[in-house]
Amino acid sequence: MRIVEIIERKRDGHRLSRDEIAAFVSGYTRGDIPDYQASALLMAIVLRGMDDTEVADLTLAMAESGEILDLSDVPGTVVDKHSTGGIGDKVSLIVAPVVAALGLPVGKMSGRGLGFSGGTLDKLESIPGYRVDLTVDEFKQQLRRIGVVLTGQSANLAPADAKLYALRDVTGTVPSLPLIVSSIMSKKIAAGADAIVLDVKVGSGAFMRTLEEARALAVDMVRIGQAVGRKVVARISNMSEPLGHAVGNSLEVVEALDVLRGGGPSTLVDHCLAIAGEMLYLGGVAADLTQATQTVADALVNGAGLRKFRELVEAQGGDVRYVDDPSLFPSAPVIRRVLAPRAGYLSQVAADEVGLAVVALGGGREVKGQAIDHAVGVVMHVKVGDRVGKGQPILTVHARTEQESVVAESRLMRALHFSDEPVAALPLFYDRIGAADVVR
Ligand code: URA
């Protein structure tokens with residue numbers, strides 16, 4: 001089967017057969033298909049789309065490109081969560097240890113930054129020594145021993161996604177329903193969890209810009225998860241402004257540690273309560289969502305989640321002194337406070353621009369495999385709906401050079417809009433898609 005013909009067929013709007021999809025996935029994973037041909041096919045998929053059968057075939061081919069973990073020997077219901085990608089999304093760093101502390105094993109394979117969105121692995125690597133390349137045996141042993149794993153895909157789990165993800169990041173091929181569904185669900189299927197909570201983002205800092213697109217993505221992922229026997233629920237959450245305040249790798253770890261110490265921005269805390277609550281409920285250890293959420297809130301306040309996070313960092317080789325004392329994270333050489341140019345209400349944020357400003361500061365990648373700077377980023381001090389006075393600090397830019405901080409400031413100021421009239425705060429969630437919402 002010639003890859004050129006497969007590219008041409010998708011370019012011309014035809015459906016790809018299961019064999020064509022499998023040939024592409026295995027050929028690219030083995031290294032027989034070069035990046036330029038894979039990029040061409042990805043772009044054809046972005047532009048032409050795929051039907052439900054193609055998406056299911058692509059997902060399974062990617063999941064089967066490596067090992068599919070059998071976690072039947074891990075006691076309890078193994079739960080997992082995944083976000084479709086956003087700005088300032090440090091939720092996994094908080095909910096994985098909290099849920100594990102509450103007795104449900106959490107085994108999670110995360111990704112790196114993708115386009116304008118950040119990635120959990122890049123955030124975790126700001127902790128010196130933290131390993132994101134556990135082998136399959138290490139994954140299983142750690143899950144049995146301490147009940148929580150946060151690692152990457154290098155452990156022969158969905159290796160096709162690891163390669164395709166890195167390629168999509170730098171070829172403008174991220175915002176595509178079939179590619180996002182297959183990327184996320186192949187990892188989830190390979191990682192073997194029994195129950196999966198999906199955090200589907202919608203808004204200016206998400207790959208899905210409308211509620212309709214986000215619902216379609218959620219429904220597809222829930223359907224595929226169910227088809228392979230997993231319990232899946234999706235929450236559709238707002239991503240029209242960064243989640244919490246910090247955007248940038250170590251800045252976000254510090255904010256996550258604040259939440260694990262019982263503090264942190266209330267919107268981020270409420271978001272984590274909802275996602276962790278869903279994980280507990282789906283995992284069968286809470287009678288209802290209200291009880292689940294209260295249990296999570298207690299675990300944040302009494303430090304159980306923080307202790308589990310410390311155990312996780314230690315188990316994966318990270319330096320736990322950074323957990324105990326977040327002031328050890330190196331700060332960027334230039335810290336620039338940005339003041340409100342006028343009085344008014346923050347009415348709108350182009351959140352993707354905030355993410356791109358952080359990538360340009362060095363916090364993300366512009367070419368495959370690029371080293372990133374963990375210390376750079378942006379802290380937003382205002383949320384949509386907040387009233388600001390002229391000259392009030394609204395942002396802090398953490399940069400490598402004065403020049404880069406100036407460029408970031410002007411980009412960020414173009415991303416924020418103010419109004420004279422009061423503006424309502426944005427909701428945290430819009431919808432919930434569960435088994436009953438998916439017609440087979
Ligand atoms: N997260 C993933 O793992 N893959 C995507 O394509 C988008 C978000």
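**Sheets and a ligand shell: worked exercises**

Strand 7 and strand 11 (residues 393-399) are joined by six bridges in the antiparallel sense. Strands here are DSSP E runs of at least two residues, helices are H or I runs of at least four, and both are numbered from the N terminus. Two strands pair if DSSP finds at least two bridges between them. The model is predicted, so local features need pLDDT of at least 70 and side-chain atom pairs 80 or more, while totals for chains, interfaces and linings use all residues. Residues are numbered from 1 along each chain as its sequence is written, and side-chain values use heavy atoms, without hydrogens or water.

**Exercise 1.** Place strand 7 in its sheet and find the edge strands.

*Solution.*
- Start with the order: four strands run 6-9-11-7 in an open, antiparallel sheet.
- Now take the ends. Strand 6 (246-247) and strand 7 (334-339) are the edge strands, each pairing on one side only.
- Check one residue pair: V334 stands opposite A399 in strand 11.

**Exercise 2.** Why do strand 10 and strand 12 each have one side without a neighbour in the sheet?

*Solution.*
- Three strands form an open sheet, ordered 10-8-12, with antiparallel pairing.
- Strand 10 (387-388) and strand 12 (416-419) stand at the edges with a single partner strand each, so one side of each lacks a neighbour in the sheet.
- Strand 8 (residues 344-349) pairs with strand 12 over four bridges, in the antiparallel sense.
- Within that pairing, Q348 has H417 of strand 12 as its bridge partner.

**Exercise 3.** List the residues around the ligand and find which side chains reach its oxygen atoms.

*Solution.*
- Build the shell from residues with a heavy atom within 4 Å of the ligand. This gives H82, S83, T84, L114, Y165, R168, I180, S183, I184 and K187.
- Look for polar contacts, here pairs of N or O atoms within 3.5 Å.
- H82 has a side-chain N or O atom 2.9 Å from a ligand oxygen.
- R168 also places a polar side-chain atom 2.9 Å from a ligand oxygen.
- For K187, the distance from a polar side-chain atom to a ligand oxygen is 2.5 Å.

**Exercise 4.** How much of the ligand's area does the protein bury, and which element gives the largest share of the shell?

*Solution.*
- Alone, the ligand exposes 240 Å² (Shrake-Rupley, 1.4 Å probe). The protein buries 97% of that.
- Strand 1 (79-83), helix 8 (159-169) and helix 9 (177-191) are the elements giving two or more residues to the shell.
- Helix 9 has the largest share, with four residues.

Definitions and conventions
A polar contact is a pair of N or O atoms within 3.5 Å; within protein, one must be able to donate a hydrogen and the other to accept it, and residues adjacent in sequence count only if both atoms are side-chain atoms.
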